[in-house]
Amino acid sequence: MADPPTPPYDLIEHANADHSRVVLVDWTLGNACSYACSYCPKALHDGSVAWQRVEDVVDFYDQLHQHYTDVRGKRVWLQFTGGEPTMHPQIIRLLEAASAQGFSVSLISNGSRTLRFWEKIAPHLDSVILTYHNEFADLDHFRAVGRLLADRMAVHVNVTMRPDHFDRTLDEAQALREVLPAVSITLKPLRVGFGNTLFDYTPDQLAVMQGGLAQTKAQQGIMPRGLMTVQGADGRRANLRANEFVLQSQNRWRGYRCNAGLESLRVRDNGTVTRAVCAVGGDIGRLGGPIALPQGPILCTAEVCSCTADILITRARAPTGPIPAWP
Ligand code: SF4
Ligand code: SF4
């Protein structure tokens, strides 16, 4: 096998070209959660922000459809998160309205709601990311939810790997691997306060997480994102998972030209909208008010690109001169 390219890379792009047509909207509906994980900052789960109003959400659906679908032929893919997004009191209405717009929809969930609930909303979902937090989750229930959904759509499971519970968590991840052969599983390294610094893992633990748990059966359906292809200055190319950028500290792209805002958007729990989770470029509006949806790429000014959703965006080492218009 040829040697992988040497960082810094000239280009980071989607390995699957279909993913570059997707505008992935990372949408935090509120900050209430059924869990209170020890590594999760309180503001992400304490319910201190009111759930977003259905009218404001649905108005923004119309703007997204006009800007990205009608004018640019992009596929809008909403990815609802929280807190725990399935706790939004009108979640079923929000999902029905998204289906009516022709949007694709994913949920990032801890999987804690009943099987009956998941049965009801499954027809409105295209994929699900379930995160297994073993401080609170029930392994049997989580397995049952995973099985119900994996028969109908693409399912990815993140298993959060606390260094002090590492071996027990790895055993549970392997138990999930056995009953969910078609589900992709990430052994997810945790960052302190969900910031830029990894928890204190041993080299062995880092190697285990980097190795991951191989899938044994083809996945149903599609995910909005997948592998990225990196290209070095000498033209050599290789595919990398988001996790690998983090574990190799290669997720630093200040000065790159980035498609944040063209392939991604972020809606915060308080309704403010930014191009991506990193918020480079600042707020572009707020639900219920005017929102200036981006017209072109942006130069990265962030020290680190921390979030998985942000890592999975196209970017290129910026040539000198102005940022080209899009498209
Ligand atoms: S499930 Fe997610 S949002 Fe809820 S407390 Fe745990 S990490 Fe935070
Ligand atoms: S931090 Fe933001 S602007 Fe910078 S590379 Fe990541 S997504 Fe793009």
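Start by selecting ligand 2 in this predicted model, and then display the residues around ligand 2, which are Trp253, Cys258, Cys278, Val280, Cys300, Ala302, Cys305, Asp310 and Arg315. If you colour this shell by residue class, you will find seven nonpolar residues, no polar ones and two charged ones. With the protein surface switched on, look at where the ligand is placed: ligand 2 sits in the largest cavity.

Next, leave the ligand and turn to the charged side chains. Side chains of opposite charge can pair when their charged atoms come close. A search of the whole structure finds 14 salt bridges, and the following stops visit some of them.

Select aspartate 26 and arginine 266, which form a salt bridge whose closest N and O atoms are 3.9 Å apart. This pair links distant parts of the chain, since aspartate 26 belongs to strand S2 (residues 22–28) and arginine 266 to strand S11 (residues 264–267), with their positions 240 residues apart in numbering. Are these two partners buried or exposed? Aspartate 26 counts as buried because its relative accessibility is 10%, under the 20% cut-off, and arginine 266 likewise counts as buried, because its relative accessibility is 18%.

Now move to glutamate 135 and arginine 162, another salt bridge, in which the closest N and O atoms are 2.2 Å apart. Here too the pair links distant parts of the chain, 27 residues apart: glutamate 135 lies in the loop between strand S5 (127–132) and helix H4 (139–150), while arginine 162 lies in the loop between strand S6 (154–161) and helix H5 (166–179). Glutamate 135 has a relative accessible area of 24% and is therefore partly exposed, whereas arginine 162, with a relative accessible area of 17%, is buried.

Keep arginine 162 selected and add aspartate 164, with which arginine 162 forms a salt bridge whose closest N and O atoms are 2.4 Å apart. What is the relative accessibility of aspartate 164? The value is 52%, so aspartate 164 counts as exposed.

For the last stop, select Arg53, Glu55 and Asp56 together and show their side chains, because salt bridges that share partners join these three residues into one network.

How values were computed. Residues are numbered from 1 along each chain as its sequence is written. Chains are lettered from A and ligands numbered from 1 in the order in which they are written. This is a predicted model: local features need pLDDT of at least 70, side-chain atom pairs count only at pLDDT 80 or more; totals for chains, interfaces and linings use all residues. Side-chain values use heavy atoms; hydrogens and water are left out. A salt bridge is a side-chain nitrogen of Lys or Arg within 4 Å of a carboxyl oxygen of Asp or Glu. Helices (H or I, at least four residues) and strands (E, at least two) are DSSP runs, numbered from the N terminus. Buried means under 20% relative accessible area, exposed over 50%, partly exposed in between (1.4 Å probe, protein chains only). A residue is near a molecule or strand if one of its heavy atoms lies within 4 Å of it. On a 1 Å grid over the protein atoms alone, a cavity is a set of points where a 1.4 Å probe fits but cannot get out, and a pocket is an open set with protein on both sides within 12 Å along at least five of seven lines; lining residues have an atom within 4 Å of a point. A molecule sits in a cavity or pocket if more than half of its atoms lie within 2 Å of its grid points. Ala, Val, Leu, Ile, Met, Phe, Trp, Tyr, Cys and Pro count as nonpolar, Asp, Glu, Lys and Arg as charged, and the others, Gly among them, as polar.
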